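Here are my notes on the model you sent round. I've kept them as numbered points so you can check each one against the coordinates.

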Amino acid sequence: MAQKLTPWRLLCAGLGAGLSPKAPGTAGSLLGLALGALLLWLGHLPLLFGIILTSALGVHAIRQLPGDAATRDPGWIVIDEIAGQMIPLLALYHVTPGGLLLSFALFRLFDILKPGPVKWADARHDAWGIMLDDLIAGALAWVIMLALHLVSPL
């Protein structure tokens, strides 16, 4: 990221997490996990509000980027990972190490493999596409975690 670090770029870069020289998506996901865990500790409503706010700010911030960054999803944009990683945390009753680990693993799996609707959203090449692929990956992880509640509480 050789361009000037504006407030919108800083937000898209997850306050610097996306500037990680290795695995910026994972760094963004870890930030989303930490933020989501803090919000879940406050309750499910603050977590849901945080997901909605992060998603809306993400779409707006991406649209403010100059050039083709808003259409090609460069690796340093991780606001989408932050928002998406928080979604599966909605399936947890409360913050637990096992629940956080499972949430992180499932989200990253769907984010990397990009099954069906995740791939569709990723192919949009606009601000919504950049955000939606991770929001859908988060929703898929949430569904799996809800299904796991049938076997054992998380």
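1. Start with Asp133, which sits in helix α8. Keep in mind that this is a predicted model. Asp133 has a relative accessibility of 1%, so it counts as buried, the cut-off being under 20%. Setting aside neighbours within four places in sequence, its contacts are Asp80, Asp111, Lys114, Val118, Ala121 and Asp122. Three of the names on that list are Asp80, Asp111 and Asp122, and Lys114 is there as well.

2. Lys114 deserves its own look. You'll find this residue in the loop between α6 and α7 (116–122). Its phi is positive, about 50 degrees, although Lys114 is not a glycine. With 22% relative accessibility, Lys114 counts as partly exposed, whereas its contact partner Asp133 is buried.

3. Where else does a residue other than glycine show a positive phi? Have a look at Ala23, where phi is near 50 degrees. Ala23 belongs to the loop between α1 (7–12) and α2. Its relative accessible area is 45%, so Ala23 falls in the partly exposed class.

4. Back to α8, this time for its packing against α3. The two axes come within 8 Å and cross at roughly 150 degrees, and α3 passes α8 in a right-handed crossing. On the α3 side the contact is made by Thr54, Ser55, Gly58, Val59, Ile62 and Arg63; α8 answers with Ala127, Trp128, Ile130, Met131 and Leu135. Sorted by class, that contact has seven nonpolar, three polar and one charged residues.

5. The other helix pair to inspect is α2 (residues 24–42) with α6 (residues 97–113). They pack at an angle of about 140 degrees, their axes 11 Å apart. This crossing, too, is right-handed. From α2 come Gly25, Thr26, Ser29, Leu30, Leu33 and Ala37, and they meet Leu100, Ser103, Phe104, Phe107 and Arg108 in α6. The residues here divide into six nonpolar, four polar and one charged.

6. Also in α6 is Leu106. Is it buried or exposed? Buried: the relative accessible area of Leu106 is 11%. Beyond the neighbours within four places in sequence, Leu106 is in contact with Ala141, Ile144 and Met145. As for Ala34, its C-alpha atom is separated from that of Leu106 by 16 Å, and the two residues are 72 apart along the chain.

7. Last, the largest pocket, with a volume of about 220 Å³. Its lining consists of Leu11, Gly14, Leu15, Leu31, Leu35, Leu39, Gly50, Leu53, Thr54, Leu57, Ile79 and Ile82. The elements giving two or more residues to this lining are α2, α3 (44–63) and α5 (79–86). Which element gives the most? That would be α3, with four residues. By class, the lining has nine nonpolar, three polar and no charged residues. Note Thr54 in particular: it is part of the pocket lining, and it also appears in the contact of α3 with α8.

Note on methods. Residues are numbered from 1 along each chain as its sequence is written. This is a predicted model: local features need pLDDT of at least 70, side-chain atom pairs count only at pLDDT 80 or more; totals for chains, interfaces and linings use all residues. Side-chain values use heavy atoms; hydrogens and water are left out. Axes are lines fitted to C-alpha atoms, for helices over the stretch in contact, and angles run from 0 to 180 degrees between N-to-C directions. A crossing is left-handed if the near helix is turned anticlockwise from the far one by less than a right angle, and right-handed if clockwise. Contact means heavy atoms within 4.5 Å. Ala, Val, Leu, Ile, Met, Phe, Trp, Tyr, Cys and Pro count as nonpolar, Asp, Glu, Lys and Arg as charged, and the others, Gly among them, as polar. On a 1 Å grid over the protein atoms alone, a cavity is a set of points where a 1.4 Å probe fits but cannot get out, and a pocket is an open set with protein on both sides within 12 Å along at least five of seven lines; lining residues have an atom within 4 Å of a point. Grid points are joined across faces, edges and corners, and a volume is the space filled by probe spheres set on the points. Buried means under 20% relative accessible area, exposed over 50%, partly exposed in between (1.4 Å probe, protein chains only).
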